[in-house]
Every structure is written in C-alpha cells, then in structure tokens.
Amino acid sequence: MSRQARILSQAFLLAVISLFSAMTFASVVISGTRVIYSSEAKDVTVKLNNVGKAPVLIQSWIDDGDMTVKPENIRVPFILTPPINRVDPGKGQTLRLSYTGAALPMDKESVFWLNVLEIPAKKQLKDDASLLQMAFRSRIKLFFRPTGLNGDANDAAQKVTWSAAPGGVKAFNPTPYFVSLVSLAVNGKEREGQMIAPYSSLMFNGIRAAAGTQIAIEFVNDYGAVNKFDALVK
C-alpha cells in the first residue's frame with residue numbers, strides 16, 4: 001500500500017471513529033445458560049435482569065433451530081409471555097414458558113432455542129452528535145424433557161462412545177439426552193465441541209486418533225457448569 005493510500009485509509013478510520021461518540025452495550029442478563037422443561041411441568045419461568053443504567057425494550061421468542069426465521073413466522077409448541085416488555089434499569093422481568101401439548105417425541109429430548117432481543121432506548125443528543133445504538137440478541141438452549149427417560153442427563157456425556165473412522169473420529173450418543181460438548185482435545189490439540197443429539201452419531205473430522213487414544217472432553221451439564229473427563233477411542 002502506498003503512503004498516500006495509508007494516509008487516506010487512516011483518515012477514513014478516524015472519521016468513522018469520531019462519528020460515533022458513544023456505544024450502547026448489552027445490559028440484559030439471563031438467569032442460567034439453558035432451560036430444562038419437564039413434560040409434566042405446567043410452565044417454566046426464566047428471569048431477566050437489566051443491569052444497565054438505562055431502560056431497554058425486550059422482545060423474546062422461541063425458535064426450533066433456524067435463527068434466521070422471523071419470530072412471527074415461527075411455529076413451536078410453546079407459548080411465551082410477555083413477548084415484548086420494557087425493563088427499567090436495576091429491574092427484572094420474568095418470562096413464562098408454557099407447553100401447548102403438541103406432539104413431541106416422548107422417548108427422547110427435543111431441543112428449541114430461547115431468544116432475547118435487547119433494544120436500548122434512544123438517547124437525546126445534541127444536533128452535532130452521533131450515536132451508534134445496537135440491538136443485542138441472546139440465544140440459549142431450551143430442552144423439552146419427557147418424564148421417565150432412562151438414565152441421568154448429567155451422566156450422558158460419559159456414555160458417549162468414540163471410535164476411529166476414516167478422516168476423524170465418530171461419537172455415538174446412546175442416551176435419550178442431548179450432549180453439549182464444549183471442547184475435545186487429542187494429543188494436546190484442542191477443537192471446539194458440538195451438540196450430539198439423542199441416539200445419534202456425529203463425525204469429528206480432522207482428528208487423528210487410533211484405538212486406545214485418550215480424548216480430553218469438556219461438556220456442559222444441566223446447571224450450566226463445565227465438567228471434564230477423559231474417554232478412550234475404541
């Protein structure tokens with residue numbers, strides 16, 4: 001890049017930075033990192049808290065995995081109230097989720113996603129001032145859990161079996177619960193984990209691991225805690 005081009009680039013960057021005199025950051029905190037909805041529950045509540053210094057408008061909805069679909073076009077077997085609400089600084093809001101009774105598998109968990117969109121209030125600015133305001137969207141897992149499933153959801157990750165496969169390793173989840181892996185490491189090389197569906201296999205490509213290789217695994221339990229254990233490739 002020429003000296004003139006660098007000068008122009010730096011000038012443009014400074015102009016953009018100076019254009020925005022302030023930025024609003026996310027201030028709504030969701031209590032918990034996941035929601036467990038037992039099939040026998042009448043409803044489940046989720047607490048939101050505005051820890052910021054300004055009021056915010058909160059829009060909440062549930063999706064079935066496609067985060068690109070507009071809330072008004074989503075059809076899920078839950079009713080969520082209130083869908084829109086204002087929360088003042090230092091105050092909270094309780095979301096209430098109710099299962100409609102629509103058909104869902106009763107021999108394994110189903111997964112949905114709770115979305116919370118935080119829209120900050122507009123600020124009064126001077127005529128020569130500019131402000132960048134951003135809407136922040138949080139999205140956490142919602143597990144619908146039928147009663148009477150075999151085993152314990154918090155033990156499901158350790159029930160997963162690992163086997164060597166062409167191009168990587170294959171994980172098989174023999175339980176009725178979703179297993180949320182945070183990471184896995186083989187021979188000191190770590191990679192991001194994924195969620196393994198009930199009674200399903202998932203391929204982790206690019207991991208070279210022969211039978212007897214040890215895999216260091218991190219997973220998230222029902223309480224949002226990250227636990228660690230070691231598994232062997234068979």
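Two strands pair if DSSP finds at least two bridges between them, where strands are DSSP runs of E of at least two residues, numbered from the N terminus. The model is predicted: local features need pLDDT of at least 70, side-chain atom pairs count only at pLDDT 80 or more, and totals for chains, interfaces and linings use all residues. Residues are numbered from 1 along each chain as its sequence is written, and side-chain values use heavy atoms, with hydrogens and water left out.

**Exercise 1.** Determine the strand order of the 5-stranded open sheet and identify its edges.

*Solution.*
- Step 1: The order is β2-β9-β8-β4-β6, and the pairing is mixed.
- Step 2: β2 (34-38) and β6 (84-87) each have a single partner strand, so one side of each lacks a neighbour in the sheet.
- Step 3: From one strand to the next, the twist averages 25°, with axes taken as lines fitted to C-alpha atoms and angles running from 0 to 180 degrees between N-to-C directions.
- Step 4: Within this order, β8 (residues 110-120) and β9 (residues 136-145) run antiparallel and are joined by 9 bridges. Serine 110 has phenylalanine 144 in β9 as its bridge partner.

**Exercise 2.** Characterise the environment of asparagine 115 in strand β8.

*Solution.*
- Step 1: Asparagine 115 has a relative accessible area of 0% and is therefore buried (under 20% relative accessible area, 1.4 Å probe, protein chains only).
- Step 2: Its side chain makes a polar contact of 2.7 Å with the side chain of aspartate 63; such a contact is a pair of N or O atoms within 3.5 Å, one able to donate a hydrogen and the other to accept it, and residues adjacent in sequence count only if both atoms are side-chain atoms.
- Step 3: A polar atom of the asparagine 115 side chain lies 3.3 Å from the backbone oxygen of tryptophan 113.
- Step 4: Not counting residues up to four places away in sequence, asparagine 115 touches residues including Trp61, Asp63 and Arg137 (heavy atoms within 4.5 Å).

**Exercise 3.** Describe the open sheet of 3 strands.

*Solution.*
- Step 1: The order is β10-β11-β15, with antiparallel pairing.
- Step 2: β10 (161-165) and β15 (200-205) stand at the edges, each with a single partner strand, so one side of each has no neighbour in the sheet.
- Step 3: 6 bridges join β11 (residues 168-173) to β15, and alanine 171 has leucine 202 as its bridge partner in β15.

Terms used
Helix = DSSP H or I, 4+ residues; strand = E, 2+ residues; numbered from the N terminus. Buried < 20%, exposed > 50% of the residue type's maximum accessible area, 1.4 Å probe, protein only.
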